[in-house]
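Biologist: I would like to learn how to read a structure like this one. Could you take me through it step by step?

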Amino acid sequence: MADAAGEVGTARLEAFSDGVFAIGITLLVLELRVPAVPPPHAPADILHAVLGVWPKVIAFISSFL
């Protein structure tokens, strides 16, 4: 639509790009999994499991930003 000055608004394009980014971020989050830690859950085992998925978390955060 054109406004009073005859310029075309960008609201629809902005809404579309917001939707595309939201879908992309959602697909990235689906790849994050909770690491399996065998019992008994020692703090060192949990830390080791979290560090194993750290590259995926960094990739998600950097793509979100």
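Biologist: Let me start with a single residue: does L28 count as buried, partly exposed or exposed?

Modeller: Happy to help! Buried means under 20% relative accessible area, exposed means over 50%, and partly exposed is in between (1.4 Å probe, protein chains only). At 37% relative accessibility, L28 counts as partly exposed. Before we go on, this is a predicted model, where local features need pLDDT of at least 70, side-chain atom pairs count only at pLDDT 80 or more, and totals for chains, interfaces and linings use all residues. Residues are numbered from 1 along each chain as its sequence is written, and side-chain values use heavy atoms, leaving out hydrogens and water.

Biologist: How many helices and strands does the chain have?

Modeller: Helices (H or I, at least four residues) and strands (E, at least two) are DSSP runs, numbered from the N terminus. Here the chain has two helices and zero strands. L28 lies in helix 1, and so does F21, while I61 lies in helix 2.

Biologist: At what angle do helix 1 and helix 2 pack?

Modeller: Two packed helices are described by the angle between their axes and the distance between the axes. Axes are lines fitted to C-alpha atoms, for helices over the stretch in contact, and angles run from 0 to 180 degrees between N-to-C directions. Helix 1 (residues 11–29) and helix 2 (residues 43–64) pack at about 175°, with their axes 10 Å apart. That makes helix 1 roughly antiparallel to helix 2 (angles under 35 degrees count as roughly parallel, over 145 as roughly antiparallel, 65 to 115 as roughly perpendicular and the rest as oblique).

Biologist: Which residues meet where the two helices touch?

Modeller: Contact means heavy atoms within 4.5 Å. On the helix 1 side, I25, L28 and V29 meet F60, S63 and F64 of helix 2. Leaving aside neighbours within four places in sequence, L28 is in contact with F60 and S63.

Biologist: How far apart are the C-alpha atoms of L28 and A59?

Modeller: They are separated by 8.7 Å, although L28 and A59 are 31 residues apart along the chain. For F21 and S63, 42 residues apart in sequence, the C-alpha separation is 9.9 Å.

Biologist: Are F21 and I61 buried or exposed?

Modeller: F21 is exposed, with a relative accessible area of 59%. I61 is partly exposed, at 39%. Across the 65 residues of the chain, 5% count as buried.
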